[in-house]
Amino acid sequence: MAFRQAPPTTPDPIAEALRTCRGALVAAAVFSGVLNVLMLSGAIYMLQVYDRVLTSRSQQTLIGLTLLLALVFLVQGALDIIRQKILTRVGAAVDRRLAPEVFRLTATMALRAGPGHDALQPGRDLDAVRGFVSSLGPTTFFDMPWVPLFVVLCFLLHPWIGAAVLVGCLVLFAITVLTERASKAPITETARSAAARSGIAEATRRNAEAIEAMGMRTALSARYGAVNDRFLAANERATDVVNTYATVSRILRMALQSGILGLGAYLVLMEQATPGVMIAASILMGRALAPIEAAVGYWKSFVAAREARRRLSHTMHLLPRPADPISLPPPRRMLTLEQVFAGAPGQTQPIIHGLSLSLLAGQALGVIGPSASGKSTLARVLSGVWHPLRGSVRLDGSELSQWNDEARGGFIGYLPQDIALFDGTVAENIARFRPDATSEQVVAAAVAAGADEMIRRLHAGYETRIGDGGVTLSGGQRQRVALARALFGDPFLVVLDEPNANLDAEGEAAVTQAIRHVRERQGIAIVIAHRPSAIAAVDMVGLMKDGRLQAFGPRDEVLKKVLAPQRKQPT
Ligand SMILES: Nc1ncnc2c1ncn2[C@@H]1O[C@H](COP(=O)(O)OP(=O)(O)O)[C@@H](O)[C@H]1O
Ligand SMILES: [Mg+2]
């Protein structure tokens, strides 16, 4: 048995992902530094032209300076392009690193966090984070530390110029803070209503047939419209706020730039500065204010990314990656339930109460009982889909949670009541999309499910594309394919939730045969059934009622006991 150390739970996987890109981020920051120093060249050029070329009237100096400036601009452009490319790649790297985690969240959110959590939100959040990291947004952060340099240089030109630029910076910075305060709520609301909107769209896509048949489109359209209006209103508020502040800061910057020229001209008149200083001051101030102004412009995507990051961290914290358990051998002897209480995800109210039972390899249990008695809940707990609130489900003495998901899937076969096939070929669905599945395994599973012949008759046989949810198959065909998927790889524990619901006599015979086969190969089968005909091949029967196991024992005994009083009422 290989003991593997559980990985330390990281407090923030996003920060960790960014840390792995530290080299690239440092490079981008260094490039920003070089760029900012190079940006001084415009101001120096102006100083030289005004104060040297114009006074000395030397064409050669002018040509030399101009060529030099052109070269600097070329280098500047190249560095800027590289800096942008680095950030784009950092965004992609963060995304690539977090994508499996986001997929895990999407797959488990509904099972662990319960309703009210949007399983698609982590994907959207990661998009927002990547989008911001890959944009020009982060460059404003890199440029920001250079602002003081430009301010100091302005002070060197003339104290009054320095003071004016400093005040300008502070005012623009204040606008940034105001933008933050005014835009936070509407930007959060925009994200929330966008999620609600896509939730309705998704449900509409899923239920298109019912909507069409029962003329529900107008009514649902009104619901969609209401949510959409909320989204548009929030988006309008957020955009208005950000755009208004961005415009104010742009106008202010333009005014400041003219103002500084005026101040420069005044200083020239007072013979306190040269014309070159006047022009250079204007350029330097432009450089000092640019990152602050850009920050206001990027504020919306920055806040959206920051919120997305916070939500994503929170969700990851809520649904931590289970520590990789030690690898246990697959079970082969028995299944035991001890005082199991279980309920829907996110709810504390149990649906099944204190179930205890035990089955040995080679046994099969039929679970009967009225609708809503908790049969499907039991099936979910047995197959590890829902975790018990209390009590334990053990295979060979180890709780289900002691195997990791992949290993557990290898010895559990589950046919959910709503079947749940995926867009893909019949063979891929039976093979559970495992890339290492062989054709022999797939056909063996189909034969065990009595579905081989039916599948061969499909237009492309095992390679038939069945569409999302198996839409191109009939209900019975879907159920047979899902039964084959449950039997794929000869799992030790096979849980079938109403496998006969859509089947004809031939299909029922196939289910009976499949259960017999599981027992012969020393597995355990559990069949949830509505009709007694479905449990022909089981040796044990349990009767569920109001979430409790009312009777449990050898099949004929239990059936005799429960069917006798029920004869009178038709089912
Ligand atoms: N996802 C769920 N969230 C909340 N309640 C649920 C959920 N699934 C089932 N229930 C409730 O649990 C009870 C038992 O349901 P279920 O196990 O599906 O019964 P059965 O399969 O016997 O018809 C029902 O009252 C049902 O409303
Ligand atoms: Mg059910």
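Two strands count as paired when DSSP finds at least two bridges between them. Keep that in mind for the hairpin. One caution before we start: this is a predicted model.

Now the hairpin itself. Strands β9 and β10 form it, with two residues between them. In the turn sits D546, with a positive phi of about 50 degrees. Strand β9 covers residues 540–545, and strand β10 covers residues 548–554. The two run antiparallel, joined by six bridges. For a register check, look at V541: it stands opposite G553 in β10.

β9 has another partner. Strand β3, residues 364–368, runs parallel to β9, and four bridges join them. Here I368 has L543 as its bridge partner in β9. So how many residues of β9 are buried? Five of its six, so the strand is mostly covered, where buried means 20 or more other C-beta atoms within 10 Å.

Next, the open sheet. It has four strands, in the order β2-β1-β4-β5, with antiparallel pairing. Which strands sit at the edges? They are β2, at 352–360, and β5, at 398–399, and each pairs on one side only. β5 pairs with β4, residues 390–395, in the antiparallel sense over two bridges. In that pair, R394 stands opposite E399 in β5.

Let me step back to the whole chain. There are 20 helices and 10 strands in it. The C-alpha trace spans about 115 × 50 × 50 Å along its principal axes. The radius of gyration is 34 Å, whereas a compact globule of 571 residues would come out near 25 Å. Buried residues make up 36% of the 571. Take the contacts between residues at least 6 apart in sequence: 77% of them join residues at least 24 apart.

The chain is divided into two domains. Domain 1 is 13–318, and domain 2 is 334–566. Their centres, taken over C-alpha atoms, are separated by 54 Å. What does the contact between them take from each side? Six residues from domain 1 and six residues from domain 2. On the domain 1 side, the touching residues divide into four nonpolar, one polar and one charged.

On to ligand 1. Its surroundings are A344, I351, G369, S371, A372, S373, G374, K375, S376 and T377. By class, that shell has three nonpolar, six polar and one charged residues.

Last, two backbone points to look at on screen. A420 has phi near 55 degrees, a positive value in a residue other than glycine. A420 lies in the loop between β6, at 412–415, and α15, at 426–430. Is A420 buried, exposed or partly exposed? It is partly exposed, because 14 other C-beta atoms lie within 10 Å, and that class falls between 12 or fewer for exposed and 20 or more for buried.

The second point is F433. Its phi is near 60 degrees, again a positive value in a residue other than glycine. F433 is in the loop between α15 and α16, the latter at 439–448. F433 counts as exposed, because it has 12 C-beta neighbours inside 10 Å and the exposed class takes 12 or fewer.

That is the tour. If you open the model now, start at D546 in the turn between β9 and β10. Then follow β9 across to β3, its parallel partner.

Notes:
Residues numbered from 1 in each chain as written. Chains lettered and ligands numbered in written order. Predicted model: local features only at pLDDT ≥ 70, side-chain atom pairs only at ≥ 80, totals over all residues. Domains from an automatic or database assignment. Contact = placed C-beta atoms within 7 Å. Nonpolar A, V, L, I, M, F, W, Y, C, P; charged D, E, K, R; others polar. Near = placed C-beta within 6 Å. Rg over C-alpha atoms; globule rule 2.2 N^0.38 Å.
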